[in-house]
Amino acid sequence: MKFFLSSLFGLLLFSSAIAQQELVYKVDLNQISNDQFVVELTPPKFSGKETTFHLPKIVPGTYDIYDFGRFVSNFKAFDKKGKELKVRHPDDNTWIISKPKKLAKIVYSVEDTWDTRLGNKVFEPGGTNIEKERNFVFNNHGFFGYFKDAPRLPIRLIVERPADFFGATTLLRDGGDEDTDVFVSENYNDFVDHPIMFCKPDTVVLKIGNADVLISTYSPTNRVTSEFLAGEIGPILEGLLTYLGGTLPVDRYAFLVYLTDGFTASGGYGALEHNYSSMYVLPEMAPEQIAQTVRDVSAHEFYHIVTPLNIHSEEIRYFDFINPKMSKHLWLYEGVTEYAAGHVQVHQRLMPIENYLDVIAEKVRGAEQYTDDLPFTEMSEGCLDEHKEEYLNVYQKGALIGMCLDLELLIHSEGEYSLQDLMNDLTEEYGKDKPFKDDELFDKIVSFSGKEVGDFLNTHVAGPEPLPIQELLKAAGIDYYPVKKIKERTLGGLENAIGFNPGTGQFFIQNADLLDDFGKSIGLQSKDVLLKWNDDALSLENINAVFTNYMINGKEGDDLSVVVERAGEEVELKSVISTVEVEVKHAFDLTENPTDAQMALRKAWLGDYRMAGEDMPDGDNSDSK
């Protein structure tokens with residue numbers, strides 16, 4: 001498949017000292033030593049006494065300082081006769097090369113971030129992977145750098161690879177053969193916006209409206225395939241197509257999915273968005289266990305084609321990889337995106353409204369972990385330093401800001417103007433090549449929606465006042481309960497009662513008194529060693545997957561078998577899955593007898609939503625290989 005070039009960040013300053021018109025990188029994935037490969041760079045021509053080469057300190061979408069230059073070693077610069085030039089290395093991400101007029105070649109070794117022993121682990125979807133003869137993940141900012149004096153130069157990347165590997169990406173291919181790929185990019189900003197995953201091909205192409213969507217999957221056990229993921233992602237993308245008005249602002253997209261059968265070094269799983277693709281690192285598990293995670297994460301990442309691709313500030317368009325300045329509008333880039341990932345599912349009848357109310361409640365509970373009276377714009381600007389510990393609130397309170405803004409817009413327009421209408425207007429006003437000024441965004445929103453919405457933004461987003469969640473949801477016929485007793489399936493309280501013996505690699509009941517009524521009804525006792533749960537042998541590697549499968553697919557009344565070791569003997573405990581009454585904070589439920597006005601707002605907000613038990617739409621429009 002051939003894809004075409006695009007750029008989010010645009011062009012930076014051009015150096016008149018450049019005579020050569022591209023940077024040429026070469027790597028050979030067949031030559032791996034000590035989990036590293038060698039990068040060879042043919043640079044442009046420079047004038048002056050010295051030139052500066054960087055690898056990024058930070059990249060867009062990560063909001064953390066990673067210093068990718070620390071993964072580089074044996075950096076050397078040569079003239080055309082092979083004589084080594086003097087190089088200074090003042091910090092992790094900088095190499096200053098003397099006599100750049102003579103510079104003909106740069107060579108360095110680079111290791112991947114996924115299994116490095118260096119500190120400050122890189123979140124895997126934003127990092128790099130080198131697994132000889134198995135898989136290579138190129139987030140290009142982790143392997144390749146740029147010259148401070150030449151950020152506008154086109155880049156050519158030549159990759160020698162195993163003949164049976166495929167490089168999945170949205171970069172333009174400009175040549176190659178059965179064991180070589182040649183990729184080109186218009187500049188460094190564009191280059192790092194297109195990750196590549198090399199492995200034996202397992203791909204599917206979906207046709208979603210006007211866009212071709214590639215799904216490429218690496219599964220070490222082959223349990224999860226691209227064809228399966230297409231069945232989960234496809235309905236979400238079709239829903240987003242409708243949600244976005246029937247036309248996507250991109251003509252192609254790629255989902256690059258790496259599934260790991262072990263723990264990640266960073267301890268996290270998830271994805272990193274790019275303008276025309278997203279890179280996923282998720283735990284390997286049975287397909288039915290990973291399905292909802294894939295739906296949620298793909299909905300979030302794909303919505304980034306709206307923001308920040310088409311709606312972004314100058315801080316993002318002209319991103320500084322070494323001395324970054326953060327925008328104050330993370331509530332827009334990440335918060336609204338996280339809100340849309342859930343809202344599209346209920347709006348397009350892919351999720352029952354009852355489940356969506358649980359999603360809202362989880363966001364409210366999650367936001368309690370953070371400082372509520374810290375203005376969100378202030379947090380955004382300081383998310384790399386002063387307010388670093390508050391950043392993850394973009395996925396909690398940030399999503400709630402999106403929800404509240406949507407309801408505010410609908411209320412003040414009598415149901416005629418939604419958050420998605422606002423996003424469409426902002427996209428038309430700006431688009432991928434025209435950034436907004438941070439301080440002018442609220443005024444632009446007011447011009448589309450009215451003063452009342454501006455008051456909301458200044459009070460609850462730029463100001464310290466709590467979000468009026470209860471009041472706004474009440475207007476849509478949804479009641480709030482500070483504490484509510486509900487019936488739900490549980491793990492029997494194992495999350496509180498279980499312990500782990502690192503010597504034997506086994507889990508055991510540390511204190512049976514901490515089990516809930518269901519756990520006690522199973523017959524578990526203190527010191528019981530957990531061997532099997534419904535025929536699945538339990539281990540450190542699979543316990544989360546086994547319990548997740550149980551929570552997703554177990555039904556009240558189903559048989560449950562738990563095998564334990566008790567006093568040196570195996571004992572099978574037979575039970576029946578049952579619910580228990582638990583108290584939860586911040587619960588929401590549909591108003592029993594809503595007014596016509598409440599129902600009208602709810603319909604304008606959530607569309608033709610479905611109730612629990614109603615069928616979910618499905619469909620298949622994929623081509624796989």
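Select A271 and Y280 to start: in this predicted model, Y280 in strand 21 is the bridge partner of A271. Now widen the selection to strand 20 (residues 270-273) and strand 21 (residues 277-283), which run antiparallel and are joined by four bridges. The two strands make a hairpin, with three residues between them.

Stay with strand 20 for a moment and colour its two sides. G270 and L272 sit on one side, A271 and E273 on the other, and all of them are buried, so both faces of the strand are covered.

**Next stop: an eight-stranded sheet**

Select V24 and look for its bridge partner in strand 2, which is T42. Their strands, strand 1 (residues 23-28) and strand 2 (residues 36-42), are antiparallel and joined by three bridges. If you're new to sheets, keep this in mind: strands of a sheet pair through backbone hydrogen bonds, either parallel or antiparallel.

Now bring in the rest of the sheet. It is an open sheet of eight strands, ordered 5-4-8-2-1-12-15-14, and its pairing is mixed. Which strands stand at the edges? Highlight strand 5 (84-85) and strand 14 (172-177): each has a single partner strand, so one side of each is left without a neighbour in the sheet.

**A four-stranded sheet**

Hop over to H54 and find the residue opposite, Y146 in strand 11. Strand 3 (residues 50-54) pairs with strand 11 in the antiparallel sense, over two bridges. Show the whole sheet and you'll have four strands in the order 6-7-3-11, an open arrangement with antiparallel pairing. Its edge strands are strand 6 (87-91) and strand 11 (146-147), and each of these pairs on one side only.

**Into a helix**

Time to leave the strands. Select I236, which you'll find in helix 2 (residues 226-243). Is I236 buried or exposed? Its relative accessibility is 1%, so I236 counts as buried; the cut-off for buried is under 20%.

What is around it? Leave out the neighbours within four places in sequence, and I236 is in contact with R295, S298, A299, Q345 and L350. Pick A299 from that list and draw a distance line between the C-alpha atoms: I236 and A299 are 6.4 Å apart in space, although 63 residues separate them in sequence.

**Hunting for salt bridges**

Switch on the side chains. Side chains of opposite charge can pair when their charged atoms come close. How many salt bridges does the structure hold? There are 27, and here are a few to visit.

Begin with R317 and D433, whose side chains meet in a salt bridge at 4.0 Å, N to O. R317 lies in helix 4 (residues 314-317), while D433 is in the loop between helix 9 (419-429) and helix 10 (441-449), so this pair ties together parts that are 116 residues apart in sequence. Turn on the surface and compare the two ends: R317 counts as buried because its relative accessibility is 10%, and D433 counts as partly exposed at 49%.

Then select K444 and E429, another salt bridge, this time at 3.3 Å, N to O. This pair links distant parts of the chain, with K444 in helix 10 and E429 in helix 9, 15 residues apart. Both ends are partly exposed: K444 has 23% relative accessibility, and E429 has 27%.

For another pair, go to D589 and K484, where the side chains meet in a salt bridge at 2.9 Å, N to O. D589 lies in strand 29 (residues 579-590) and K484 in strand 22 (residues 478-489), so the pair ties together parts that are 105 residues apart in sequence. At 30% relative accessibility, D589 counts as partly exposed. Before you move on, select E22, R156 and D174 together: salt bridges that share partners join these residues into one network.

**Last stop: cysteines**

A disulfide is a covalent bond between the sulfur atoms of two cysteines. How many disulfides does the structure hold? The count is zero. You can still take a look at a couple of cysteines: C199 is buried, with 1% relative accessibility, and C383 is buried too, at 0%.

How values were computed:
Residues numbered from 1 in each chain as written. Predicted model: local features only at pLDDT ≥ 70, side-chain atom pairs only at ≥ 80, totals over all residues. Heavy atoms only, no water. Buried < 20%, exposed > 50% of the residue type's maximum accessible area, 1.4 Å probe, protein only. Contact = heavy atoms within 4.5 Å. Pairing = 2+ DSSP bridges. Disulfide = S-S within 2.5 Å.
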